[in-house]
Amino acid sequence: RVPTIAQQRRPPQQTMLLSARRVARLAPAVRSRALSKVVATITGPCNKEALSTFTRAIDGIGGCKLGGSRSMELSGTVSISSVVFVPEGLDNHELSHALQCALPPRYVVSVQESGEGNAPQAFARVTVTGAERMGILAELADYAESRSLQVSTMLATTDASRYGADGIEGTDDDEDPIYTATCTLASHSPEEDAPWVRNEIYEFGEKAELTVTFEDLTAQA
């Protein structure tokens, strides 16, 4: 179709807003129907309004309800994931399109089906520290997977203090950068898993020549 003169003169921001409003028109027809659960994720430039903009975008889509959320910022890029309860009749493609229209440029939107059943509960926080080498994080992830444990959150950092702003190494070549990974482990039976996982985590650290600390989160409940 050839755009009308009014459409040609319409600013891009107004066009995106109208697209989101078209999806919102589904609300009266589906508001009373059953809700399905999906996970919506946006990734883009980190700024102070990213979380509030994302939340308002979800609330502005007719019939949608916001569940739990998690936000992470890494080197100027933010990733926000939220459980969204979606009314019947609004598919993932329409939700993704409405979010993309409502968000500023340079944000990437992803909508995935949510897992079924109860989520595992966090029961331990494990910190692994050692000389930087390829595979430390993979070793820890493989260890958790082999014991049917889930890594709920993960933060990995490298001590790059001996490197200058230009990335060139200084004169201290005798020391290796220190790599630290902190993971939160989750399980469907946390109180049963915590004691034996503690022992095996320390055994894992000894075999891998890593410094390991284990924090039992069930004891804090």
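**Salt bridges and helix α6**

At 30% relative accessibility, Glu-215 counts as partly exposed in this predicted model, since buried would take a value under 20% and exposed one over 50%. Its partner is Arg-125: the two side chains meet in a salt bridge, with 2.8 Å from N to O. Arg-125 sits in strand β5 (residues 121-131) and Glu-215 in strand β8 (residues 211-216), so this pair ties together parts that lie 90 residues apart in sequence. Arg-125 is partly exposed too, at a relative accessible area of 32%.

That contact is one of 3 salt bridges found in a search of the whole structure. Another joins Arg-147 to Glu-200, whose closest N and O atoms are 2.3 Å apart. Here again distant parts of the chain are linked: Arg-147 belongs to the loop between α6 and β6 (150-158), while Glu-200 is in helix α7 (residues 190-207), 53 residues apart. Arg-147 is partly exposed at 28%, and so is Glu-200 at 26%.

Helix α7 also holds the pair Glu-203 and Lys-207, which are 4 residues apart, or about one turn of the helix. Their side chains meet in a salt bridge of 3.2 Å, N to O. Glu-203 is partly exposed at 40%, whereas Lys-207, at 66%, counts as exposed.

Now for helix α6 itself. Across residues 136-146, its buried residues are Ile-136, Leu-140, Tyr-143 and Ala-144. These cover an arc of only 95° around the axis, which puts them on the same side of α6. The face turned away from that buried side carries the exposed residues Glu-145 and Ser-146. After the helix comes Ser-148, with a positive phi near 60°.

How values were computed:
Residues numbered from 1 in each chain as written. Predicted model: local features only at pLDDT ≥ 70, side-chain atom pairs only at ≥ 80, totals over all residues. Heavy atoms only, no water. Buried < 20%, exposed > 50% of the residue type's maximum accessible area, 1.4 Å probe, protein only. Helix = DSSP H or I, 4+ residues; strand = E, 2+ residues; numbered from the N terminus. Arc of directions from axis to C-beta. Salt bridge = Lys/Arg side-chain N within 4 Å of Asp/Glu carboxyl O.
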